[in-house]
Amino acid sequence: MLIIALITVFSCIDFYSNTVPDMTLIYTRLLWNWISVGDFVIPLSLTLDGLSLTFLVLISFFGFLIYFFAACYLTLRKDIYTFYAYSNLLIASMLTIILVDNLFVMLIGWEGVSISTYLLIGIYYQQARNGYAAVKAFIVMHLTDIFLIIGIFLLYQTLNTLNIHDVLVQAHDNLAVDSDIIFWITLMLFLGAMSKSALFPMHSWFAETTLAPMPAVALLQSSTVILAGVYLVLRLSNLFMMSSDVLAIISMISSLTILFASTIALVQYDIKRIITYINLAQISYLFYAFSTQSWNLSLNCLINYSVTSTLLILASSIVIKKCQGERDISKLGGLIKSFPTLYIVFLLIMLSLSAIPWISASFYIKGDIIWGVMAQGRLISGTIGLIGILFSSLGIWRLISMVFYHKQRWYDFTKIKWISYSPIFILLVFTTALFIHFPLPIHGIIPLGKLDTNGQLPFQLLLAAVTGLSFLIAYILYVRPNSEVREVLNTPMIKLFLRLCNSDWRYDYLLNCLFVKPYIYLAKLLKKDPIALWDNWIMLGIKKINAFIVDLENGQIRWYMVSMVIGSIIILMLLIFI
């Protein structure tokens, strides 16, 4: 990973030194022709432009920090070797996705990401639960891969090419905006990206990553797998702009994901599941930006998400490591006295997730995204975005209060070297408002949307009020709860809501009723092949006819003579009347 990071640095220097103003710089290297059948040719070539360079920097930078953290975090040599082997496959698959210029070749990296996810979740495969979780993640990812393949087939059938640049040019010249074929192509491609980006209802693999080691969780949730689906949409952004209906569907699914994930995070006690559902809610703001066609803003949101989610995972890893693997926050408490540095780190992460006004980068990025959604008249989606910020802030406040403020219940701690904190200290700098807009070389590659700033200041004040309200509610519910608050929480309506959230909205139960049980019923019904039953009837008929013919061979000459006469009469009748 260090070598990849150094190569990336040299590539950035070379890229910027050769960039000409108002020109789009693209490097292309043809390796060989992979498939050549008549006119159908699939070349294997690598392309580096501003967008792929941006993702290359993200993958190499965060990958190197996570690799470094893993070397300090994992203790068993076997676990370290296994983690690096599987992670290298994941990084190689991601680099394949972002560097190839053909959608068919991209499928190689796409499938490699699914296999790597399966391997990383199932590192501790000796435990049956981990093996089942890995298989579940593998299956869920491949369910939507079918739609991606259908979308690629439709593109080739319509445009007779799979080269990404040619696809975008020909689609702009030959296809009508909001036409049926554009709708189905973009819908299939988006459904293909849904599982990699863990959007509802294809989020279940994301929750299963909690069974992997924490460095693997950081790779899967923040800097690799999530980037695959986002990159596909960004790379084909000119295509998605031609279908307003698909953009509306993206907005609707993002809203559902925010509500689903942020409410579940409020009631979890496993620290891994809390941070997982908080991260899942943050991913949806990326697709909010897509639905408003703010493609450059979505890239800034992606960088901010990668920083915040990696920070949250690494800080939680240290808490779990210090408490000897204990993940139940109800069994912890009072750690502010023992680990004040870790407490400050969590506070800074909380300020970023809560979009603290005019200080954190997320305040400007999320604020612009939600403002863009509301400016398009989608007030419900914008309101859900504000609710997501409120609930995410409450979720992280609940985690901080139960781990650091409440009565101390855990006293047996493990020492961790200070060098483990170095990736966290590096990433904390990027959460501030100093890094709102990175100088990204995406001019001429993806559309640069312009945000209407009229009336934005009152909205920023509203967002600041939401953040302040989250602090007030968190103080009342988690820091200083009183008897009246407990009475409200014990009401039947609140209890029902908490049980619903604690059971993940009964999503697994719904899947079991709609898909698993009918499948098992059909499998039992078809346990004996229906075609084999027809074979049995045919064989039984042949046996009966054979038995009747065998009985005719009785050795009596008069019976043979009568049979011959009857046969001759039948033949004569046929010759006369036919």
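This passage describes selected features of a predicted model, from a strand hairpin to an enclosed cavity and a patch on the surface.

Towards the start of the chain, strand S1, which covers residues 27-37, pairs with strand S2, which covers residues 40-48, and the two run in the antiparallel sense over nine bridges. Among the bridge partners that can be followed in the structure, Asn33 is matched with Pro43 in S2, and Val37 is matched with Phe40 in S2. Two residues lie between the strands of this hairpin, and Gly38 takes a positive phi near 65° there.

A positive phi is also found in a residue other than glycine, namely Ala355, where the value is near 55°. Ala355 belongs to the loop between H16 and H17. Another backbone feature occurs at the peptide bond that joins Phe200 and Pro201, which is cis, with omega at about 10°. Pro201 is placed in the loop between helix H7 (180-196) and helix H8 (204-208).

With regard to contacts between charged side chains, six salt bridges were counted in the model. One of them is formed by the side chains of Lys136 and Asp508, with a distance of 3.7 Å from N to O. Because Lys136 lies in helix H5 (residues 128-159) whereas Asp508 lies in helix H23 (residues 507-525), this pair ties together parts that are 372 residues apart in sequence.

Empty space inside the model was also examined. Rolling a probe the size of a water molecule over the atoms shows where such space is left. The structure holds one cavity of 30 Å³ or more, and the largest cavity contains about 60 Å³ of space. Its lining is made up of Gln282, Asn304, Tyr305, Thr308, Ser352, Leu353, Ser362 and Lys366. Helix H14 (295-322), helix H16 (340-353) and helix H17 (361-375) are the elements that each give two or more residues to this lining, and the largest share, three residues, comes from H14. When the lining residues of the largest cavity are sorted by class, two are nonpolar, five are polar and one is charged.

On the surface, a nonpolar patch of about 870 Å² is made by Val565, Ile569, Ile571, Leu572, Met573, Leu575, Ile576 and Phe577. Leu572, one of the residues that make this patch, lies in helix H25, which spans residues 557-577.

Note on methods. Residues numbered from 1 in each chain as written. Predicted model: local features only at pLDDT ≥ 70, side-chain atom pairs only at ≥ 80, totals over all residues. Heavy atoms only, no water. Patch = residues over 30% accessible without salt bridge, like charges linked within 9 Å, V, L, I, M, F, W, Y side chains within 5 Å. Areas by Shrake-Rupley, 256 points an atom, 1.4 Å probe, with all protein chains shown as cover. Salt bridge = Lys/Arg side-chain N within 4 Å of Asp/Glu carboxyl O. Helix = DSSP H or I, 4+ residues; strand = E, 2+ residues; numbered from the N terminus. 1 Å grid on protein atoms, 1.4 Å probe; cavity = no way out; pocket = protein on both sides within 12 Å on 5 of 7 lines; lining within 4 Å. Points joined across faces, edges and corners; volume = space filled by probe spheres on them. Nonpolar A, V, L, I, M, F, W, Y, C, P; charged D, E, K, R; others polar. Pairing = 2+ DSSP bridges.
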